[in-house]
Amino acid sequence: MVPGSNPGGIASVPTDPPRDCVLCPRLVDLRRDLQGQHPDWFNAPVPSFGDADPGLLIVGLAPGLRGANRTGRPFTGDYAGDLLYETMLEFGFASGVYEARPDDSLVLHQAMITNAVRCLPPENKPVGAEVKACRPYLLATLDANPSIRAILALGRIAHDTFLTTFGLKKSLFPFSHGGRHELGVRNLTLFDSYHCSRYNTNTGRLTAEMFKSVFADIRTLIPRP
Ligand code: URA
């Protein structure tokens, strides 16, 4: 198999799962419970969000309960989004005003955001089978956006699913905050950051300065227009 090829056939997988995706029984159960409890929430696989011609693809973990799962836009409405969008605005990957709702004026530039798993997992922890089931959508997203040159993996799970997507050895590309890996596939560079979660920032594992330094590095590959 050619590294980076889509053995399932490019045309066969859409870039986003259908609203009623049934691939992961645990996630379907949770979704149906929440549809009953909060009929006004999005409660479905969250589609990618961003520029139609992105140079950068940011890969998060999975929607948050009261964030993307409620609003329907990645990282929108929870703490992780506050730091992510503030940083993207500072580095020119976004403009407008982020107001934690999908109808605010925020627009992304040269960037798209997606998640390794598109549905809300219990306790924010997807299991391996769920990451695997969602991987074709990650690959389809890349296939549909050949302008992507940089991937920012927010956390180890996003990093690992990316390597697995292309059959690359984890031992050759170890995850580390600030890590930068030339993958040798599709001219892609993988950047690593600790996830911008409230837990990581509260514990001091990730500071705003550490997060900014990753974006500064990405800007050396994807310059401002
Ligand atoms: N919201 C998302 O969409 N993804 C994450 O990884 C965290 C919060």
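# The ligand, its pocket and the cavities

Student: Which residue has a polar side-chain atom that lies 2.8 Å from a nitrogen atom of the ligand?

Tutor: One polar contact (a pair of N or O atoms within 3.5 Å) joins a side chain to a nitrogen atom of the ligand at 2.8 Å. The model is predicted, so local features need pLDDT of at least 70 and side-chain atom pairs pLDDT 80 or more, while totals for chains, interfaces and linings use all residues. Residues are numbered from 1 along each chain as its sequence is written, and side-chain values use heavy atoms, without hydrogens and water. The residue asked for is Asn115.

Student: What share of the exposed area of the ligand does the protein bury?

Tutor: Taken alone, the ligand exposes 240 Å² (Shrake-Rupley method, 1.4 Å probe). The protein buries a share of that area equal to 95%.

Student: Which residue places a backbone N or O atom 3.0 Å from a nitrogen atom of the ligand?

Tutor: Two backbone contacts can be compared by the ligand atom involved. Leu61 has a backbone N or O atom 2.8 Å from an oxygen atom of the ligand. The backbone atom that lies 3.0 Å from a ligand nitrogen belongs to Ala62.

Student: How many residues of the shell around the ligand are charged?

Tutor: The shell (residues with a heavy atom within 4 Å) includes Gly60, Pro63, Phe75, Asp78 and His195. Ala, Val, Leu, Ile, Met, Phe, Trp, Tyr, Cys and Pro count as nonpolar, Asp, Glu, Lys and Arg as charged, and the others as polar. By these classes the shell has six nonpolar and four polar residues, and the number of charged residues is one.

Student: What is the volume of the largest pocket?

Tutor: A pocket is an open set of points on a 1 Å grid, with protein on both sides within 12 Å along at least five of seven lines; lining residues have an atom within 4 Å of a point. The space taken by the ligand (more than half of its atoms within 2 Å of the grid points) is the largest pocket. Of the 33 lining residues, Leu61, Asn124, His195, Ser197 and Asn200 lie nearest the centre of this pocket. The volume of the largest pocket is about 860 Å³.

Student: How many charged residues are in the lining of the largest pocket?

Tutor: The lining of the largest pocket holds 16 nonpolar and ten polar residues. The count of charged residues in this lining is seven.

Student: How much space lies in the largest cavity?

Tutor: The structure holds two cavities of 30 Å³ or more, a cavity being a set of points where a 1.4 Å probe fits but cannot get out. Among the residues that line the largest cavity are Cys21, Leu23, Arg31, Val117, Glu130 and Cys134. The lining of the largest cavity divides into nine nonpolar, no polar and three charged residues. The space in the largest cavity is about 90 Å³.

Student: What is the volume of the second largest cavity?

Tutor: Leu27, Leu30, Asn43, Asn69 and Leu120 are among the residues that line the second largest cavity. By class, this lining has six nonpolar, two polar and one charged. The volume of the second largest cavity is about 50 Å³.

Definitions and conventions:
Polar contact = N/O pair within 3.5 Å; in protein donor to acceptor, adjacent residues only side chain to side chain. Points joined across faces, edges and corners; volume = space filled by probe spheres on them.
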